[in-house]
Structures are given as structure tokens and as C-alpha cells.
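Visitor: Please take me through a close look at a single part of this model, the region around a rotation axis, and explain each term as it comes up.

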4 protein chains.
Amino acid sequence: MEDTYRLVISCPDQVGIVAKVSSFVSSYQGWIVEASHHADRMTGWFFMRNEIKVSSLPVGLEEFKAAFAPIADEYGMQWHMTDSRAPKRVVLMCSKESHCVADLLHRWHSGELSANIVAVISNHEDMRRMVEWHEIPYHHVPVNRENKQAAFDTMQELFERYRADVIVLARYMQILPPAVCQAYAGRAINIHHSFLPSFAGAKPYHKAYERGVKLIGATCHYVTEDLDEGPIIEQDVIRVSHSDNINDLIRLGKDVEKAALARGLRYHLEDRVLVHGNKTVVFG
Amino acid sequence: MEDTYRLVISCPDQVGIVAKVSSFVSSYQGWIVEASHHADRMTGWFFMRNEIKVSSLPVGLEEFKAAFAPIADEYGMQWHMTDSRAPKRVVLMCSKESHCVADLLHRWHSGELSANIVAVISNHEDMRRMVEWHEIPYHHVPVNRENKQAAFDTMQELFERYRADVIVLARYMQILPPAVCQAYAGRAINIHHSFLPSFAGAKPYHKAYERGVKLIGATCHYVTEDLDEGPIIEQDVIRVSHSDNINDLIRLGKDVEKAALARGLRYHLEDRVLVHGNKTVVFG
Amino acid sequence: MEDTYRLVISCPDQVGIVAKVSSFVSSYQGWIVEASHHADRMTGWFFMRNEIKVSSLPVGLEEFKAAFAPIADEYGMQWHMTDSRAPKRVVLMCSKESHCVADLLHRWHSGELSANIVAVISNHEDMRRMVEWHEIPYHHVPVNRENKQAAFDTMQELFERYRADVIVLARYMQILPPAVCQAYAGRAINIHHSFLPSFAGAKPYHKAYERGVKLIGATCHYVTEDLDEGPIIEQDVIRVSHSDNINDLIRLGKDVEKAALARGLRYHLEDRVLVHGNKTVVFG
Amino acid sequence: MEDTYRLVISCPDQVGIVAKVSSFVSSYQGWIVEASHHADRMTGWFFMRNEIKVSSLPVGLEEFKAAFAPIADEYGMQWHMTDSRAPKRVVLMCSKESHCVADLLHRWHSGELSANIVAVISNHEDMRRMVEWHEIPYHHVPVNRENKQAAFDTMQELFERYRADVIVLARYMQILPPAVCQAYAGRAINIHHSFLPSFAGAKPYHKAYERGVKLIGATCHYVTEDLDEGPIIEQDVIRVSHSDNINDLIRLGKDVEKAALARGLRYHLEDRVLVHGNKTVVFG
């Protein structure tokens, strides 16, 4: 992967946006190595993502951003520009299920994940040894009915101390308080172990088993205050049959959870996800 | 495909069922060309399907059934034995969407579907020409608020006149009355254009679009009095993205509907589906 | 679907192409409803497809093309611009297997396929009645060892008479002569009943069965003089098991063939496929 | 999972096998919790697998086997009976790619894999730390042109020292010598990073990229002397597009390799795979 700036834009659709933006980039001799557009006809909204080769530009990120700002103002753009050389800082949160955490840690360890996993927070001690082997700090923050507020205060301190860009709930079985959901809107990612909107809430595999579905799934989505209702980033499914009992569903589901979370997180880390209302545009 | 008798059994699980049944078959020199078993540990129920080569048996179906009856009694079996040479009689029901009907008609016409499609009933005239080309009678039975009871009486007469073994709602957009649901319990098959239990009821593609799911699906299930709540036979999904609008979902969904219905119906026609409670065992 | 002009471009990559093209479109107040780009880093080649709303332009297709030509020259572009209101003229070719033809005919009949199927050519009479029901001319052109050249001359006359834009080999089991392959390079589409490059040539399902693969597939590709070696447009697979015999593979494979051919053809008809060397860029 | 004996049989097909075997089991009050049969019509061969609850039997494994032996003789059976409480001993072999090893180690560590991973052998040192964290012995056995025979002698000593039941080549990039292939026929499992028979041999992702396929895959198969030609246990694929370069294929392929290997190995560990000629029956 080469070094790029990622320019991500959403704004009301109108004639000439692509011309304006690409002419701007081209006026700096910027080399666009990947470009994606989407015009949503239902909402009249336009979405755009450009990856521009760093080495092709005669100016740095801040100067480039400053030069672009007037265009953004003119078109009423929500936008950001990021540097692929500055990987996002990720805080993982987990409970007792290890498969998603182990999967992400290995992807990170083997260089597949363009992010820094800066800390892991858990309400249990179970995964300390695995996490510390990766030389990542592990924080045990137990949560129970009595200490809930204090526990979440501690977490928020940790998010700030580690300057978290992204929070990943890797099968973290606690509900984040509204303040955290708001503070990290569009930056907190959950993996839910069902094909949403089916089987939101607790024990989705048990519900899937009861209903007798022939496929089970997993959903990677942004966390919002409404449980399992946030914008969906990625989903996947796997076939099951009458011969699979609940433990089989749980086992088979793990692989789907890992895959959906890894893909969804990757999209986020590479600034490929644009949230609009309760939906996402994913330039995969 | 060779000619077989299909012996389909469900009963409380206990030691020795397979031995008993297979010894019975073997005592007639019956050649079992396909055998499937399932023991459901949660409910303590046992399911079994055997295909026995007709030519290997010295007796006919009725005599064979009579000989088996005492074993069925002894083990408290629900069972039936069918002859693969006697294809089931299918009545198709449709509205204006042609894709499922056209797909099933072609499978039938090309000899892929081991069934007789004996009639098509529709609340519209749209598909008469296509159906009649296949030399299948077409009955236009309009349904509206005023004539509902009369219309369903007409249908039930048609079901009886055509001695329907199976009723297939191939995107028939009317709800069958409870009496029909009961009379054809386990023999009336619907294709719903969503991955149930998500998006039950009307306009599932619109709901899927609103929710921003990344996969859409279809569900083939037995009709019960509770709309879209019956035992699921088969499901399938297809990937969609932000660039797909509602018309795209509808178009992409058609292929999934056709596939799920064709597979589910095939399972039913070959006596591969055993209903237990609100779930199915499918010996695919 | 709204009316659009489709501008499809491939050329050596360089800075400023998107800016140039989009500024050109924008200078006419052209509204780009869909835009896709791809820069191939290995070959240094750039690919682009824009859909521009007809009603947004003050000029017609020919004038718009004439105005664009100098830009195309400047950048060394291979390009074409088509009008979505002028559906391509398709000639289907088939032998005895009906599933792909029936599938395409129904998609066409129900308005899903944005093309005119102007004729069907077959070396057998089997599908005449089905085709003629659709009010499409059917030409029986038998091919055998003796008459090969004459038969292909007849076909080429038919292609010309019907002004075919696209030739679709819908399980047409004859090999087209080099002259036809060349004349219709990038416009003749075949469906091969295997996951190429596995099992090229005759009897792929038999070969798949022999090898014991756990998935079978189908490949939609452009026809070239090298049998089953042309640029791949679309592929798909389906799971099989030890319990599926050759007839099962053939039956299961049909659904995959239909799906891969319908998708691949759709991409072609909408000018979404750009051939480069022996590979394709598909802006799906 | 409950404790079971697994009785796995293959023999020439004839009337009465199921009756014979199930009557035998039933005569001991053996409770069959899972039963699978397959009759291969092409070869006239019969395959069978029964899982019998240990606690339902009044005798131990050896006595049960001894009692069954005469039946096996009578029907010319190839058979074995294993105890689910005696997990197989697995030796992993790897080179520098860590994803398959890390995946299997985590499955083992989290209790998902019913096996003992007793040692890891590699021609590189790279994975020593990861393996030793799991408290599994790691043996570095470099292989080069000069020491090949000596190296493989060392390996065979290790296989024997660890009493390996299964050898898993988890992206081990060396070819095993014929003697090892023969000694571990049906017990050495490889994951090949292509959808075989496409792209056998070296650099399959490069070949897939060159050919422009639209899906890439992985194949889990038994090792034989003919490279990548052994009986296939499991395969899987993932969709790719023109925008994926070779590194993308390699990255996407890793997830498919992990999945296909984990599933294939699981089938083997649970005695669900029966090899016949160069094909497998997999009672999944």
C-alpha cells in the first residue's frame, strides 16, 4: 500500500461537484489512485472518496486542507481528509468470548490491520495474558449494577488517555451509556451476533434456533443509543440446518462474526464508510 | 432417478428404531438407496427418511404399508409412505409478479420438477397466456373486500376439483383464510420476499432499503394462520450495497425468491421436509 | 431507470483525466448520475464510466460526442458513448438445453433486460415453439461435419440481417469459427458450465464429479478463438457434496449458469464491462 | 458434546447392511445420536458413520470392537471405531505465513478444536514465540537443497516421537517426500490457496490475478504424492473484482484458507471423512 491522503466528502448533490474537486486535485498535480462516488437519488445527497498519492503533491496535508476549505464551504460539504500514514488508534473492548479479539489481534500483529490497537478494556480478566503477549495494555474494568457510572467514567478516562479514534466492541456484552454513544458517534463499532434486524438484543443464537432459520448471521454496525439499531456497516451469513444445535450455531456464528467485524472495521479504518442518517455508504 | 418408495417417520426417540425399521425393510430384501436420520436432543424426537427401490421389493406399496403399520404403532410414529412414480399435484397461485411462476413452469416443462402442475389460480388475468401456453388451466378468481368469502370458497372448490396435494403461493399477494391454512397445513408453501423474521408483512424490500441492510433474502415456508410465521423450509440471501436503490433490491431479490422457492418446493415434493412444532427437518 | 448517455473510457493513466472529463461534462451542465473509475497500477491503465442524465444536457448525443472527441484524442482514449434509450440488439444461440434461453426470454419478456432479443438461432428445432411464443424469429441452422462452413455463413448473414450488437451463446454447444470470433470480439458472450479455468472444454460436470470438488461453478466470458480462454465477465459457484451424482451436478449447475449469464449479460448491455488484454473491468 | 464411539464403515453395497449394523448396536442398547449413510451408485460402494453414546453401552470400546469384527468380516468392511474422549494428536507444520497456524492455535486454545496439538514443526523460526506462548513445543527444521533427506528424517522422528495421528500443513511451503505421503496417507492434510484443480502448484494468487477470475478460493485436501491432486475434503471461495490487486487477493484469500482448513480439519478430527479412490465422502 502506498501513502495517500483520503478526501472524504458528503454534500447535497448538484452539477459540477466532481469537476470542482478533481480539478482542484489536478491543479496540484495530485494523482488520484482510487476514486469512488455515489449519488443517492432518494435523498439528493452526494458522497465521494478520493485517495491521492502523497508523493504526487507539492504540499503537506494541512496546506492542502486549507486550500480545499473554500470549496467545501461553497458546496456545503461535510468532509475530512486523513493521512494513510497516521493509522487510527483503536481501543478494543471485550468480555469473555475471545474469538473476535484474538482475530483482530492477529490481524494487527501480522500487519494486516492498518491501525494501532492501543489498549484493551474488559469487564473480565480472562484475556489479559493473550493481550499482554501482544504488548498491549489491558485494563480490567468490572461493571456491575452498583458501579456502573463509576465504571463508565473510568472507561471514558481510558479512551481519553489513549486518545482513542475508534472503539471496537468485540463481543463486549455491556451496553454503553448514552454519553459515550454520543461522544463516539460514528466511531464506536459493535459486532452483533445476528443478521439484524432479526434477533436484536440478548441471546440471538437461541432465538435463531427457536425460529428455525436456515441461515445465521452477524452484523457490524455503529453504536447508537438505540441498542442494535445503529447504521449497518457490514453483514454476513452462514448456512445452518436442523442438525445444528445451539452450540453448533454459536460455533459457526463465531466465524461469521470475525469476518463481518474484520471487514467492517477495515472499511472504517480506511475511511471508506460514510454515515448518512441511519444508513451507510461503504466504498469497499 | 429411479423409482422408489419414500418412508418418512417422526416419533419419540428411543433405542432401536433404526434397527427395527431397517430390519423390516431388509426382511423384504428392500434396497435402501438413500437414508437420513436426525435425533433432536432438545425435544427427544426422532426423524427418519428412507428411499427404497421399488424394483427390489416383492410387494406393492399398499401391502408394504400394511406390513409396516404395526411397527409404526409400536413406536408411536407419525409416518407416511409415498411412491416416487406418483408425482404430487400442485396448484400454483399468483398475482401480477411473474418471475416465480415462470421459473416453476419452466422447471416443470423441462422435466426438472417431479410434480404435476394441475392448475394456476390468480386474482389477475396477467399470466393467462403464459400459463395456457403450457397447457395448464388458468383460473381468474378476483379477490376484493366485498367478495372475499365467495372468492375463497371458489378457490377451495378448485383445490378439491384438481385434487391438489400442494398449494404454492408464488408471490400470491393475498392472505389465505384460516380455514384454508388449516386444511392445507404442511402442504401450502409460500415464498416471502425477505429473510424472515426480518421484514415480515408488506413491502419488505422497502423496509430493507430503509434499514440499510447489506444482504437481502427470501424465505420459503409453510403457510400458517400467522402471517409469515410458519415453519421455514429454505432461505437464501444476496449481497446489496448503498448503490442499489429499491428497484435494484426488487430485481436482485427476484433471483433469490426463485431459488429459495424452487429448492424448498423440491424438498417438499420429494418428501424431504418433516415439520415438528414450528420448525422443519429438511433431509436435503 | 432514467435516460442516460454512457461515456466509457480507457486510456493510459495520467494526472487530470477525471478533472478533464468531469469539467467537460459539467460545462454542459451534465448531471452525472453514476460514475466509476479504476486505475490499474500493474498496467498503468485507467478506466472510467459515467452515466449522464439525458435531460440535463442541452445537446444531443452526436453533438456531445463530437465535442468530446478532441479530449479523447488528447488523452489517447479508447472510448464510446451510448444512449440508454437505444437497447442493444441481441441474437441468442442455443442447442438443446433450454434453461438459459428460457431464463433470458423471461427476463426480456418481463422488462428486466434492457435489450432487444431480435432472433434466436439453433442447431436444433427444440426451442422453436417457446421462442415463437415470445414473437421472436427462430432460425434452425443445423451444423454438422459436412456443412460447417455453409452453416456459419448462414449465421453470419443472420447476424448482419438482424444487425446484431451482441451474440449470446446460451449453452450453444458448437465452437464458433475464428472469423466470427474476430468480427464479434468483445460482443459475443458465452456461458461455460464450469468455474474456469477448471474443467474447460467438454463435459465439465463429469470432470468435476470425477475430481470430487466440493463446489461447482459457471463462467460468463467473452468468446475468443481460444476455447474457454476469453476474458471472464462473471462467475458463480454452488456447494455440492458426495451425495450429488452427475445428474444432480447438472441440475444444480443450471441455476448457477442462469445467474452468471444473466448478470454478465446485464453488465455488458449496460456498458459496464471494459476489456483490457484478457481481463475485464466490470463496473457492477 | 457428549462422549461417543464413532463407528465408520465403508464396504461394497448390498441389502441389509444398515439393518445388520443397527441391530448389532441396538442389541447392546447402544444409543445412536448421529447416523449418516451414503450409497455411491457409480461405484456400488456403501459408506456409514454412527455416533453411539458411550454411557448407553454396557461394554468398553475394545469389547465392542471385538464383538463387531465378525460382522465387518462378513460384509468385507473397511472400518474403524474411535472414542470421542481420545482426541487425535496433531502436528502442525508451517513456514512463514502465520494466519492458518494462528487460527488453529486459537481454536484449540479456546476449546473449539477437539484435538491435541502436540507440536509445531517449521522450516523457519518466525512462529516460535506464538507457538510457545500456547505451551506447545516448536521444532525448527530447516530444509534446503542439501539437507532435504536429513531434514525429512528428522521430521519423521518427530512425528513418531509425538505419536502424530494427523499432520496438518498449515501453509507449509515444502513438498513432503513420497515416504511421508505414504506413511500418512489419509492422515496428512494440506491447505492449498486456490480453488483446485485451478491454479495447482506455486503462486496461485498470481495465476488467478493473471487469469482475471471473479472468485478466488482455497482447497483443503489429503496429501498424496501428486502435488495438489489428493482427495478434496473442503473448499470455499470469495468474490474479488478488478479493483483487487495481488496483495488484495492474498489478503482476502487468507480468510478463505483459514475457513476451509478449519472446517476440513474438523471433519477429519471427528472421523467424518471417508476416502474412496481419489474422492471423499464427508458426513458434515
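Guide: Of the residues of chain A, A:Ser198 comes closest to the rotation axis, with its C-alpha at 2.5 Å. The model is a predicted one, in which local features need pLDDT of at least 70 and side-chain atom pairs count only at pLDDT 80 or more, while totals for chains, interfaces and linings use all residues. Residues are numbered from 1 along each chain as its sequence is written, and chains are lettered from A and ligands numbered from 1 in the order in which they are written.

What is meant by such an axis? Two copies of a chain are related by a rotation about an axis and a shift along it. Here a turn of 180° and a shift of 0.0 Å along the axis lay chain A on chain B with an RMSD of 0.0 Å, where copies are superposed by least squares on the C-alpha atoms of residues with pLDDT of at least 70 in both.

Around this axis, 25 residues of chain A are in contact with 25 residues of chain B, two residues being in contact if their C-beta atoms, placed from the backbone, lie within 7 Å. On the side of chain A that touches chain B, the elements giving two or more residues are β11 (232–239) and β13 (279–282) of chain A; helices (H or I, at least four residues) and strands (E, at least two) are DSSP runs, numbered from the N terminus. That side of chain A has ten nonpolar, ten polar and five charged residues, where Ala, Val, Leu, Ile, Met, Phe, Trp, Tyr, Cys and Pro count as nonpolar, Asp, Glu, Lys and Arg as charged, and the others, Gly among them, as polar. Because 100% of the interface residues of chain A are also interface residues in chain B, the copies meet through the same surface.

It helps to set this surface against the whole of chain A, which has eight helices and 13 strands. Its radius of gyration, taken over C-alpha atoms, is 20 Å, close to the 19 Å that the globule rule (2.2 Å times the number of residues to the power 0.38) gives for 284 residues, so chain A is as compact as a globular protein of that length. Along the principal axes, the C-alpha atoms of chain A fill a box of roughly 60 × 40 × 35 Å. Of the 284 residues in chain A, 46% are buried, a residue being buried if 20 or more other C-beta atoms lie within 10 Å of its own, exposed if 12 or fewer, and partly exposed in between, with C-beta atoms placed from the backbone.

Chains C and D repeat this kind of arrangement. Chain D can be laid on chain C by a turn of 180° and a shift of 0.0 Å along the axis, with an RMSD of 0.0 Å, and that is the relation of a two-fold axis. In chain D, the residue that comes closest to the rotation axis is D:Ser198, at 2.5 Å for its C-alpha. Contacts join 25 residues of chain D to 25 residues of chain C, and β11 and β13 (279–282) of chain D are the elements that give two or more residues to this side of chain D.

Where do these strands sit within a chain? In chain D, an open sheet of seven strands with mixed pairing has the order β7-β6-β5-β8-β9-β10-β11, two strands being paired if DSSP finds at least two bridges between them. In chain D, β7 (138–140) and β11 (232–239) stand at the edges, each with a single partner strand, so one side of each is left without a neighbour in the sheet. Strand β10 (residues 215–222) of chain D runs antiparallel to β11(D) and is joined to it by seven bridges, with D:His221 opposite D:Ile232.

In chain C, strand β11 (residues 232–239) is mostly covered, with six of its eight residues buried, and it pairs in the antiparallel sense with β10 (residues 215–222) over seven bridges. Strands β12 (residues 273–276) and β13 (residues 279–282) of chain C are also an antiparallel pair, with four bridges, in which C:Leu274 has C:Val281 as its bridge partner. These two strands of chain C form a hairpin with two residues between them, and C:Gly277 in the turn has a positive phi of about 60°.
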